[in-house]
Amino acid sequence: MKKTLTTTVPAALIALGLATAACAEIKVGASISATGPAAFLGDPEAKTLEMLVEQLNAKGGINGEEVALVLYDDGGDANKARTFATRLIEDDEVQAIIGGTTTGTSMSILSVAEDAEIPFISLAGAIDIIQPVKPYTFKTPHTDRMACQKIFEDMKKQGITKIGLISGTDGFGASMQAQCKDVIGEYGIEIVADETYDPKDADMTAQLTKIKNAAGVQAVLNPGFGQGPSIVTRNYKQLAIGLPLYQSHGVASDGFIELAGKDAAEGVRLPGTALLVAGLLADGDAQKPVVAAYKEAFEAKYKVPVSTFGGYAHDGFALLVDAITRAGSTEPEAIRDALETVSGLAGTTGIYTMSPENHLGLDLTAFRMLEIKDGDWTIVE
Amino acid sequence: MRISGKHLTILAMAVLIAAAPFFFPSGYYFRVGALIFVNALAVTGIVILTGYAGQISLGHAGFAGIGGYACALAPVHLGLHPALAVVLGAVISAILAYLVGKPILRLKGYYLGVASLGFGILVAMVLNNERHLTKGPDGIEVADLGLRGLLKDWGLNLSNGEFWYAFTGLCLVIGAWIALNLHASPTGRALRALHGSEIAAGTVGIDVARVKLQAFVISAVYASVAGSLLALQNKFVTPDIAGFMHSVEMVTMAVLGGVGSVPGAILGAGILTLLPQVLTVFAEYEQLILGLVMMLVMIFLREGLVPSIMRKIRGRGE
Amino acid sequence: MSEFLQFLFSGLTVGAVYALVALGFTIIYNASGVVNFAQGEFVMLGGMITVFATAAGLPLPLAALVAIAATAAVGVALNKLAIEPARGAPVVSLIIITIGASIFIRGAAQLIFDKQIHSFPAFSGDDPIHVMGATILSQSLWAIGGAFAVFVGLWLFFTRTILGRAVLATSNNRLAAQLVGINTDFVMTLSFALSAGIGAFAGVLITPITMTSYDVGLGLALKGFAGAMLGGMGNPKGAFAGGLLLGLIEAMTAGYLSSQYKEAAAFVVILAVLFFMPQGLFGRKSTERV
C-alpha cells in the first residue's frame, strides 16, 4: 500500500517511533505479551529479541544488512494482538513476525499472517498452532502434548498407573490438561482425580486433599504456569502427600524453585530444556555452545537468570536469521521456504529440523526430564 | 430544535466515517476504525443504561461475550448462518438481561455494581470453563460472515479491513440513531426522569422497575451485537471478551466521553481504543498514562469530554 | 472429619486474605462514601515494598514498617489528588477515578519494581501445624489473627473513640460535622492513611501465602469488594465476616462439589444474599431522603 504523506497524529507518532527503522532493509515484527497475565513469559522474550537484534547488527546484520525490530506489547489480549499484527504487516511492512506469547494471541496473529502470507514464528505452547499445519506458521516451543508424553514416559518407567491431575484454568493449564487426558491411555495410566484452580488462587489444599484421598493415586501432575504451581507445590508439602509430583514446562525457571521453597520443590520432576541445565550438558552436546552463549549474554545484560521462555524467543530469532541468510532474500515466501528446509539447527530448546509437514521441528529427545535436588536442577536418566 | 440536533449528529457521524478513509496511510487504520466503532456501539448501550437511566453495570461485558460466542457456536452446533447467530445472541442476551435484571435492579449504587459484577464474572467463568463447548481460555474460531464475499460477487471488491470498517461504521450509525431517538421518546424521558429521582418518577406514574428493566435489556442487546461484530471481525473470540476489564473499559469509555451523550460514547471509545496504539512507543508507561487520563478527565471534566467541550463552545456559564 | 477440617482451614486461610482486604474498604467508605477500588493496590504495595526493602538489606519487621508507612502516604496522596477534587461527583465517576488510580499505581509499580513474582519467608517458618489429621500453616494463623485484630481495632475505633465517631459523622453529613467542630480535612486524610496502612499490613501478612507481583491488586480488590458487600459495606463486622464467609464458601465448594465453579458458587451466594438483604448481612439499613 502506498504510504501517503499525512500530518495525522497517529502517523506522525508512529513515524517518530520508527525513525530508526525507516533506513533498514530487513524488518522483523514482534507482538509479545510483555505486560499482563503472561508478563513473566513475555518480558524475557522481549528482552531476548532486543538483545539478539542488537548483537546481530553489531556484527553487521544479515548479509551485510541491518535488521530492524518492531516490537509491540499486546498485554496478552488476543484482540490487541490481532490489531498489532495488522499494524506490523500493513503499516510497518515487516517481512516476518515472531511472537504470540500465549496461544490466544498466537491464534490471532497467525490468522492475519496467513491471510497476508507473511511467515510467523509463534512462541506459544499449544499443539493447535502447528497442527494442522498452516503454510506460514511455525513455532519454537515443545507442544503441550509433547510435555505430557515426556512426563507419562517417565511415569511409566516408574511403574505408575494411577495419577491425580490438578490444572490451572488458564489457557496453558487447560490446554495441557486436555492434551494429557488425550494421550494418557497410550501409557496405560488412569486419571483417578481431576481438579482445577484459578491461576490467582492463594490456597489449593482443598483440591489436593481430594486428590490425596482418591483411591490408589500414585503420583500427581500439575499443568499450569505462574504462581499457581508454586503454591500447589508448597501446599503439597504442607499436606505431606509424599507421592511423586510432576510439574509442567510452564514453570521451567529458577524462579519456581525460589517461590516454592527449596524443601517443597525437592524431588519435583518436570520436562525442561537444555537451558536450565547448561552447566550439566556433556561437552559434545550440540546445544551446549548455543545455550552457554545465550545464558552468558542474557545474564550479563539483564542481571536476571535465563528462563525457557526467553529461550523460545532466542530460537525463533535464530531460525529466522538462518532462513533469511540461506534464502538470500527478504521475500516472505522465500523466507518461509527456507524455514521449511531448516535441518539440525541447534537452539536452546532443542535441535530443529523442519519440513513442509512439520513446522515445529522438535521431537522428544530435546526435552530433558529434570528433577529438583537440593534447590538445583539435575537431569534424570 | 431537538429534532434537527439529532439529525445533525447522525449526519456528522456518517460524514466523518465516510471521509476518514481518505486520510488513511495504510490498511491498518481501517482495523483501528472498525474497533473504535464496535466499542462505540457497546458504549452507546452503556450510555442508555448509565447515562439515561443512571444504573451502574460492572458486568456488561458478559453480554458482549454471549453475542461473541453465539457467533462462534451457533453456526457450528445449530447450523445457523453467522448473521442469524448475531440475532440469536441478541435474543439470548435480551432474555438473560430480563431474567437477571428483574431482581438485581432493585439494588442501587455499589450494590447494583457488585451484583452486575457477579453476573459478568459468572458468564466469563462459564465461557472459560466449559471447554468441551467453547474450547476454553485459548478461544475459539468464528466462521466468516460471508457478506464481503457476497459483495464481491455483486462487483464491489473490498479488502477485509475496508469491509469491516464500513460495516461496523454502518452498524454504529444505526445504533446511534436508535439511541438518539430513544432519548427523545417517552421511554427516554421516563429513563431520564428516574435518573433524576426514582421516587419523584414513581410519584408521577412512571413504572420505575419496568423502565429500568427496559434500559437494561436494550443496553444488553447493544453489548451483544457489539460482541458479535468483534468476534466476526476477528474470526476468533476468547473468554476475555466477557471479562471484568472489558466491562470496566466500556464504562470508562462512556464516562470519559460523557456518560449521557451518544457522541460522547464515540469519542470515549475512540480515545481509549487509540491510546494503546499511540502509546506503543511508550508501551512501558501505557498503564500509567491510562490511569492518569482516567483520573484527570473525571476530576477536571466531570461530565465527560463532549458535554464539557459543548459547554465551552456554547459559552454557557455553570 | 480430617477432610472437612482441611477444607475449613483452606477456607479460613483464603478467607483471612479476603477479610483483610475487605476491612480496608470500610474506613474510606465510612469517611467518604467512596468504595476505593485501588484498595487492592495498597495490599500489593505492602507486599512488593517489603520484598524490595528486604532485598535491599532491611530486616523483615523494619521493611514491613517502611512498606506500611509508604503505602499510607500513597493513600493520603490518593485522597488529596484524586478523591477530594472530585467530591460530589456521581458514583459512576468515583468508581472510574478509583479504578483509574488502581491502574495508575499498577503502572507505576511495573516500572519501579518489576514484573516477576515475589515472596518472602513466612514469619514463623513453613512447618505445618497438625490438628486432628488436618494441617494449617502458621502463616495462615498470622493472617487470621491479623484480620481479627484489625477487625477488633476498627470496631473499637468506630464505636468507642471520638475520632472514630468523627469519621462516621463526616460521612454522614460533612457540613454538620464541620459545624460541630470536626476537622473534616484531617478526618479524610486520616481515613485514607488508615485504609492504606491496613491494606499494606494485609499485604505483609498474606504475601508468604499468596506471593505477590505488580498485578495482584485487581483480583484481590474484586474479592475483597465482594466480601465487604456480602457482609455489608462500611461495617467492620461485615467486612470480617463477609471475607471469611467468601473464603469458606469457595473452599467448601471446591472440596465437596467442583473446584471449577467455586468462584461461581461464591458469587451466586452473594447475589442471593443481596436479593434478600440488600444491605448485606450486617449492613445498616439506610433510608433515602427525598
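In this predicted model, the contact between chains B and C takes 35 residues from chain B and 36 residues from chain C. On the chain B side, α5 (109-129), α12 (244-257) and α14 (286-300) each supply at least two residues. Top of that list is α5(B), which gives the most to the side that touches chain C, with 11 residues. As for chemistry, this side of chain B has 24 nonpolar, eight polar and three charged residues.

Now for chain A, which also meets chain C: here 26 residues of chain A are in contact with 27 residues of chain C. The elements of chain A that put two or more residues into this side are α2 (39-58), β7 (190-197), α7 (205-212), α8 (227-238) and α9 (254-260). The biggest giver is α7(A), with five residues. By class, the side of chain A that touches chain C comes out at seven nonpolar, 12 polar and seven charged residues.

Back to chain B and its record. An unreviewed UniProt entry lists residues 7-24, 30-49, 82-100, 109-127, 163-182, 254-275 and 287-306 of chain B under "transmembrane region". What do the stretches 30-49 and 82-100 of chain B look like in helix and strand content? Here they are:

| Stretch of chain B | Helix | Strand | Distance between end C-alpha atoms |
|---|---|---|---|
| Residues 30-49 | 100% helix | 0% strand | 29 Å |
| Residues 82-100 | 100% helix | 0% strand | 26 Å |

So much for the listed stretches: residues 30-49 of chain B are 100% helix, and residues 82-100 of chain B are 100% helix too.

Terms used:
Residues numbered from 1 in each chain as written. Chains lettered and ligands numbered in written order. Predicted model: local features only at pLDDT ≥ 70, side-chain atom pairs only at ≥ 80, totals over all residues. Contact = placed C-beta atoms within 7 Å. Helix = DSSP H or I, 4+ residues; strand = E, 2+ residues; numbered from the N terminus. Nonpolar A, V, L, I, M, F, W, Y, C, P; charged D, E, K, R; others polar. UniProt positions renumbered as here; feature names shortened; annotations may be inferred.
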